[in-house]
Amino acid sequence: MAYDPNNVFARILRGEIPCKKVYEDDHVLAFHDINPQAPIHVLVIPKGAYVSLEDFSAKAPAEERAAFLAAVGHVARTLGLVKSGYRILANHGPDSSQEVPHFHVHIFGGRRLGRMLERA
Ligand code: AMP
C-alpha cells in the first residue's frame with residue numbers, strides 16, 4: 001500500500017490537527033488516542049512516512065527504528081505503567097482492522113486488560 005500523506009496522523013505531524021502530546025523527539029511523536037479503549041491509551045508514531053510495522057521494519061533506517069523502540073519504553077515509563085503493567089499493539093493490514101495507514105503502536109494501561117485477542 002502506498003503511503004497516503006493526507007492520513008490523520010500525517011496531518012497531526014504537520015500541525016494541521018491538534019493532539020494531546022505526551023512525548024516528542026526528532027523521530028517520534030506520542031499522543032493520547034482520541035477514542036481511548038483503556039484508562040490510558042497512547043499512540044506512538046514515527047515522524048517518517050511508513051504505512052505500518054511491515055513498511056517501517058523493512059525500510060526505516062536503524063537510527064529511526066532504535067529511536068522508536070526507545071520511545072515506546074520511555075513513554076510507558078513516563079505514564080507510570082511499569083509497575084502495574086501495560087500492553088502494546090500494532091495493527092497491519094485488513095485482518096487487523098488497521099484504520100490509520102501511518103505506523104503506530106498503541107500503549108494500553110490503567111486497568112486489567114483481559115485476554116490478548118477477541119475470540120473468533
Ligand atoms: P488502528 O486501528 O490501529 O489504525 O488505530 C487507529 C487509532 O487512531 C484508533 O484507536 C483511533 O481512535 C485513533 N485516532 C484516530 N484519529 C485520531 C486523532 N485525531 N487523534 C488521536 N487518535 C486518533
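This short presentation describes the ligand site, the pocket around it and one loop residue in a predicted model.

Good morning, colleagues. I begin with the ligand. Its shell comprises 17 residues, and those that come nearest are Asp33, Asn91, Glu99, His104 and His106. Sorted by class, this shell holds seven nonpolar, eight polar and two charged residues.

Let us turn to the individual polar contacts. Asp33 places a polar side-chain atom 2.5 Å from an oxygen atom of the ligand. His106 also contributes through its side chain, where a polar atom lies 2.8 Å from an oxygen atom of the ligand. With Ile34 the partner is the backbone: one of its polar backbone atoms is 3.1 Å from a nitrogen atom of the ligand. As for burial, the ligand taken alone exposes 510 Å², and 86% of that is buried by the protein.

Where does the ligand sit? Its place is the largest pocket. The elements giving two or more residues to the shell around the ligand are helix H1, residues 8–13, together with strands E2, residues 28–32, and E3, residues 40–46. Of these, H1 gives the most, with three residues.

I now consider the pocket itself. The largest pocket holds about 1100 Å³ of space. Its lining consists of 35 residues, of which Asp33, Gln37, His41, His106 and Phe108 are the closest to the pocket centre. Asp33 and His106 therefore deserve a second look on the screen, please. The composition of the lining, by class, is 17 nonpolar, ten polar and eight charged residues. Which elements each supply at least two residues of this lining? They are H1, E2, E3, strand E4, residues 86–89, and strand E5, residues 105–109.

My last item is Gln98, which is found in the loop between E4 and E5. The side chain of Gln98 has two backbone partners to show you. At Gly93, the side chain of Gln98 reaches the backbone nitrogen at 3.2 Å. At Val100, the backbone oxygen lies 2.9 Å from a polar atom of the Gln98 side chain.

To close, I return to the ligand: it sits in the largest pocket, and Asp33 and His106 are among the residues that come nearest to the ligand. Both also belong to the lining residues closest to the pocket centre. Thank you for your attention.

Note on methods. Residues numbered from 1 in each chain as written. Predicted model: local features only at pLDDT ≥ 70, side-chain atom pairs only at ≥ 80, totals over all residues. Heavy atoms only, no water. Near = heavy atom within 4 Å. Polar contact = N/O pair within 3.5 Å; in protein donor to acceptor, adjacent residues only side chain to side chain. Areas by Shrake-Rupley, 256 points an atom, 1.4 Å probe, with all protein chains shown as cover. 1 Å grid on protein atoms, 1.4 Å probe; cavity = no way out; pocket = protein on both sides within 12 Å on 5 of 7 lines; lining within 4 Å. Sits in = over half its atoms within 2 Å of the grid points. Helix = DSSP H or I, 4+ residues; strand = E, 2+ residues; numbered from the N terminus. Nonpolar A, V, L, I, M, F, W, Y, C, P; charged D, E, K, R; others polar. Points joined across faces, edges and corners; volume = space filled by probe spheres on them.
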